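Work through the exercises below with the sequence and the structure at hand, and try each task before reading its solution.

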Amino acid sequence: MDNVTIYFVPALGMMIVASAAVIYWRRVLKLQLRWFCLGAGLWAVAVVLKGVCALLTSKAVIAFMEENLPYPLLILGGGLFIGIRSSLFEIGLTLLAVLIWRQLGRDANRAVSYTHLTLP
């Protein structure tokens with residue numbers, strides 16, 4: 001397999017899963033598409049912010065770990081660092097939105113529609 005296929009297949013799979021989830025929850029909850037678009041928008045903003053943070057911090061943090069940790073701990077620490085950073089941005093932005101706009105969290109069905117797109 002070439003590199004394009006290696007990256008394309010998982011990306012396509014993620015898009016299919018996300019689309020199926022939107023179709024399913026829209027039918028079950030009978031909600032307007034705008035609530036799902038809100039979730040997609042929150043996710044997109046979180047990914048951009050996460051990317052900027054990664055560009056500003058990853059090189060220094062990973063270099064520090066390479067110099068100070070044995071290989072197994074480097075892998076563990078690097079994975080934890082990237083995972084925690086992702087969670088803070090993607091879940092944190094959704095929490096921040098709900099704390100700022102309280103009405104977002106008042107209706108459980110509506111909350112499902114936008115949080116399922118932003119949670120990893």
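**Exercise 1.** In which helix is the place of Ile16? Find also whether Ile16 is buried or exposed, and which surface patch contains this residue.

*Solution.* Keep in mind throughout that this is a predicted model. Begin with the position along the chain: Ile16 lies in helix H1, which covers residues 3-29. Next, take the relative accessible area of Ile16, which is 52%; because exposed means over 50%, Ile16 counts as exposed. Finally, look for nonpolar partners on the surface: Ile16 belongs to a nonpolar patch together with Val4, Phe8, Val9, Leu12 and Met15, and these residues have about 590 Å² of accessible area together.

**Exercise 2.** Describe the surroundings of Ser19, starting with the helix that holds this residue.

*Solution.* Ser19 is placed in helix H1, and with a relative accessibility of 41% it counts as partly exposed. Follow the side chain of Ser19 next, and you find that it reaches the backbone oxygen of Met15 at 2.9 Å. As a last step, compare sequence with space: Ser19 and Ala60 are 41 residues apart in sequence, and from C-alpha to C-alpha they are 36 Å apart.

**Exercise 3.** How many aromatic pairs are there, and what is the geometry between Tyr24 and Trp25?

*Solution.* The count comes to one aromatic pair. This pair is formed by Tyr24 and Trp25, whose rings are 5.2 Å apart, centre to centre, with 75° between the planes. Since planes over 60 degrees apart count as edge-to-face, the pair is described in that way. Trp25 itself, at 28% relative accessibility, counts as partly exposed.

**Exercise 4.** Which side chains meet in a salt bridge, and are Lys50 and Glu90 buried or exposed?

*Solution.* Side chains of opposite charge can pair when their charged atoms come close. The structure holds one salt bridge, in which the side chains of Lys50 and Glu90 meet at 2.6 Å, N to O. The pair links distant parts of the chain, for Lys50 is in helix H2 and Glu90 is in helix H3 (residues 71-100), 40 residues apart. Now check the accessibility of each partner: Lys50 has 16% and Glu90 has 8%, and because buried means under 20%, both count as buried. To complete the picture, list what Lys50 touches beyond its neighbours within four places in sequence: the contacts are Arg85, Ser86, Phe89 and Glu90.

Note on methods: Residues numbered from 1 in each chain as written. Predicted model: local features only at pLDDT ≥ 70, side-chain atom pairs only at ≥ 80, totals over all residues. Heavy atoms only, no water. Patch = residues over 30% accessible without salt bridge, like charges linked within 9 Å, V, L, I, M, F, W, Y side chains within 5 Å. Areas by Shrake-Rupley, 256 points an atom, 1.4 Å probe, with all protein chains shown as cover. Salt bridge = Lys/Arg side-chain N within 4 Å of Asp/Glu carboxyl O. Helix = DSSP H or I, 4+ residues; strand = E, 2+ residues; numbered from the N terminus. Buried < 20%, exposed > 50% of the residue type's maximum accessible area, 1.4 Å probe, protein only. Phe/Tyr/Trp six-rings, centres within 6.5 Å; stacked < 30°, edge-to-face > 60°. Contact = heavy atoms within 4.5 Å. Polar contact = N/O pair within 3.5 Å; in protein donor to acceptor, adjacent residues only side chain to side chain.
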